[in-house]
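Me: I'm new to reading protein models and would love a close look at a single part. Could you walk me through the sheet in this one?

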Amino acid sequence: MTVPGYRDAPIETWDPAAPIDPGEAEEFLRQCYAENPRLGPVEPRLSEVRAQLAETGVYRHTADELSYGAKLAWRNASRCIGRLYWRSLVVLDRRDVTAADGIFDALVHHLHLAGGTDAPSREPGTIRPVISVFAPATPGRPYPRVWNDQLIRYAGYRNADGSVTGDPRSVGFTAAVREFGWTSKGDAFDVLPLAIETPDEGLRLFELPDRAVLEVPLAHPELPWFADLGLRWHAVPAISNMRLTIGGLHYPLAPFNGWYMGTEIGARNLADPDRYDMLPEVARRMGLDTSRASTLWRDRALVELNRAVLWSYERAGVKISDHHTESERFLAHVRNEERAGRQVPADWSWIVPPLSGGATGVFHRYYHEADLRPNFYLDDEARALSRGDVPAPAGRHAAQRSVAAPEPSAGASEPLVAAPEPLAGAPELPPPALKPDYVALPWYAPGPRTEALPLPLPWAEPPRSTPSGAGPAPQPRSGLAQPRSGLAQPGSGPAQSGSGSAQSGSGPDPDDASGAESPPALRPACPLGH
């Protein structure tokens, strides 16, 4: 039997005009109330929902139902290796935020909360798992959505000779947003704007404040030349184009994040031939024999590239985890679920890490294949938009944005799990000045990228500018994550990675009010991934 979503079997096509399935609503509510006895008996709630569906054709989740439904969707996500901590997901209720400006403000807040840059009481890099749930789709009506597949993604530019500067995955989307008015430097790590579409406003482009984009420059503990490659990557992998389905209601805009597993960056984003394709260059600088595959030059270069990623993130204090630790955590999750009488849906081809798979415990077994709901789904139209297959830019909207860090919109609901409050008397972050070459586009608001520094914290720092200039080779940028005081410097020997590191995600998250650990990162190229 072929299960949708497994072995390349297509998922069930979503019809936005279809009525809400009352059977699916009842199934979810019975599960939600059975697993949460504090909510009381389910029958009164079922009667209420049946009456709402009969009268209006829709119903509204309570705050508790929305929160638990989002967590169940993570628990049921068969392609995610990091489900051990599904209960610790921070759920932000944004169902009352419908205007593009408010959506953008909420997404920026999401990145600050997820990346640890939301308050002076937290250090940048203490990644939290967060989901922001916006309004569900009403059958037959248009709905807000984000075209980007991730909130943070690097642009890709096709050169005249056919080569690509930046991320080849983003070439189509980059060309599309440039048609809609976006301009950029043409560097290898330009952050793409957010393309937010609403029924009333159409498409509007918003440039992320640099303070919301936490990045880590990559170096190696033993190879000094590695830093000269100018590589870096961002800290928060936030998927933004998957549909969240809970009890027959569909939430097309529900971006969510975990934190990175090292192989997502080192074995996929930077290594895949159709991405940054860095293995040949790393092998050349290592002096490896690349004349034939049997020298295993790719394997040796891949290991060092992944060592650089783990070491750089840990040195900068940005949470990350290695694939061996994540594999053991996933098996612990399987055991936990089995003790609770539940099978764990898992797609073997996505759970096994892309590096040293046979050396991990997740390799040596089969898994239950099932399409359980609540869950996340990537629809064909959302996938096409993220690749740049978009309508013509007639009537486009250029977002008129201030450069100051946005405040939560007035229409936004309070989060179900409150973010840490800023310390009393904390200074406000001063807005950066617009660069002269961008003055003609007031909606384009470049500024300093957030630094993963121990002290002073970013909101206490003066703005920094980023160097200009384009070229095929990635250039180091000032104002990125720097080594923490007292940690290993390049060439001083490898830092410890794995279960002993507080930044690897192995211990409890001190910023999680529930006391539960935050989840590890999500699989690269996985709809719940990199």
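Which residue in strand 13 is the bridge partner of Val 130?

Reply: Happy to help! This is a predicted model, in which local features need pLDDT of at least 70 and side-chain atom pairs count only at pLDDT 80 or more, while totals for chains, interfaces and linings use all residues. Residues are numbered from 1 along each chain as its sequence is written, and side-chain values use heavy atoms, with hydrogens and water left out.

The bridge partner of Val 130 in strand 13 is Asn 257. Strands here are DSSP runs of E with at least two residues, and helices are runs of H or I with at least four, numbered from the N terminus. Strand 2 (residues 130-134) and strand 13 (residues 256-257) run antiparallel and are joined by two bridges; two strands pair if DSSP finds at least two bridges between them.

Now for the whole sheet. Four strands form an open sheet in the order 1-2-13-10, and the pairing is mixed. At its edges are strand 1 (90-94) and strand 10 (238-239), each pairing on one side only.

Next, the helices beside these strands. Helix 3 (residues 63-75) lies across strand 1 and strand 2, and runs at about 130° to strand 1. Angles go from 0 to 180 degrees between N-to-C directions, using axes fitted to C-alpha atoms, for helices over the stretch in contact. Contact means heavy atoms within 4.5 Å. Helix 4 (residues 100-115) packs on the sheet, where helix 4 touches strand 1, strand 2, strand 10 and strand 13. The direction of helix 4 makes about 165° with that of strand 2.
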